[in-house]
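Biologist: Please take one part, the pairing of the cysteines, and go through it closely for me, together with whatever lies around it.

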Amino acid sequence: MKKALRICLLASSLVVLAGCAPQTLQSTPTQSYRVGQRINATPGGVILSSQTGTIRTVRRWVGILNSPDGWETTTGNDSSFLRKELLYSGISGSTIEIGYREFRGGMAAPAFYQSAKYDLSASKAISFQNFRFEVDSADNNGMTGTLISDGTTTASATATSSPAVPQGKDTLMAERLAKERSCSPQPKAILSGKGAGFEAYMVSCTNGDALSIRCEFGNCRVLQ
């Protein structure tokens, strides 16, 4: 009889201990970007971020002395949680600099930080790791663009592309000059002619006027 009683008490204890084990109430996958979205960033700011992993809501027993019902519920990143960030580090001439940093399990991981430079006069499309985005404009005040692909999904051409605009090696310089002249918040310089050592551009302004710009060996000026 005593042996049977001990078995019953042991079984009851196991049930209680099992009931007090941590319980995962919710496990939520996360993704913080959308292919085809517009992107913009100020110098030092985040162009886009990519989060993978799981946010878990866990309920665990802490005892009735620490909680009214004896349970504590917490929410946080699990060990597989990974956040990637692309940063706009500024532009010098037509060369744009992109920074990269990682957070693993909610903690910064400096060993994975990187930096890369791209010549926008050669191409406004930038590929970094599995991401590809196209820069619309960039200067020391910020940049704008469109996320084209994340390596798995590619935005449709109708959603991200505009008709091809003739460009030259001084396109960015011409657009920067037009912006300084308050022609347009995001001017588009169209290459209208070129010759030995010079390029000519036309820029439509928001007030209906147009600027005629001539660039010679990287120096641009508005023609009166």
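**The disulfides and their surroundings**

Modeller: Taking a disulfide to be a pair of cysteine sulfur atoms within 2.5 Å, the count comes to two. The model is a predicted one, in which local features need pLDDT of at least 70 and side-chain atom pairs count only at pLDDT 80 or more, while totals for chains, interfaces and linings use all residues. Residues are numbered from 1 along each chain as its sequence is written, and side-chain values rest on heavy atoms, with hydrogens and water left out.

When the bonded cysteines are numbered in sequence order, they pair as 1-2, 3-4. One disulfide joins Cys-183 to Cys-205, with 2.0 Å between the sulfur atoms, and because the torsion about its S-S bond is about -105°, this disulfide is left-handed. Cys-183 sits in the loop between helix H3 (171-180) and strand E13 (189-195), and Cys-205 in the loop between strand E14 (198-204) and strand E15 (210-216), so the pair ties together parts that are 22 residues apart in sequence. Helices (H or I, at least four residues) and strands (E, at least two) are DSSP runs numbered from the N terminus. Cys-183 is buried, at a relative accessible area of 3%, and Cys-205 is buried as well, at 14%; buried here means under 20% relative accessible area, exposed over 50%, and partly exposed in between, with a 1.4 Å probe and protein chains only.

The other disulfide links Cys-215 and Cys-220, whose sulfur atoms lie 1.9 Å apart. Its S-S torsion is about 105°, and the disulfide is therefore right-handed. Within this pair, Cys-215 counts as buried at 0% relative accessibility, whereas Cys-220, at 22%, counts as partly exposed.

Helix H3 comes before the loop that holds Cys-183, and just after H3, Ser-182 takes a positive phi of about 60°. In the helix itself, Thr-171, Leu-172, Ala-174, Glu-175, Leu-177 and Ala-178 are buried. The buried residues of H3 pack against strand E6 (82-92), E11, E13, E14, E15 and strand E16 (219-222), contact being taken as heavy atoms within 4.5 Å.

H3 also borders a cavity, meaning a set of points on a 1 Å grid over the protein atoms alone where a 1.4 Å probe fits but cannot get out, with lining residues having an atom within 4 Å of a point. A search of the whole structure finds two cavities of 30 Å³ or more, and the largest has a volume of about 80 Å³, a volume being the space filled by probe spheres set on the points, which are joined across faces, edges and corners. The lining of the largest cavity consists of Ser-137, Ala-138, Asp-139, Leu-172, Glu-175, Arg-176, Lys-179, Pro-185 and Pro-187. Strand E11 (131-139) and H3 each supply at least two of these residues, and the largest share, four residues, comes from H3. Leu-172 and Glu-175 thus appear both among the buried residues of the helix and in the lining of the largest cavity.

As for the whole, the protein has three helices and 16 strands, and buried residues make up 36% of its 224 residues. Among contacts with a separation of 6 or more, 47% are between residues 24 or more positions apart.

How values were computed. On a 1 Å grid over the protein atoms alone, a cavity is a set of points where a 1.4 Å probe fits but cannot get out, and a pocket is an open set with protein on both sides within 12 Å along at least five of seven lines; lining residues have an atom within 4 Å of a point.
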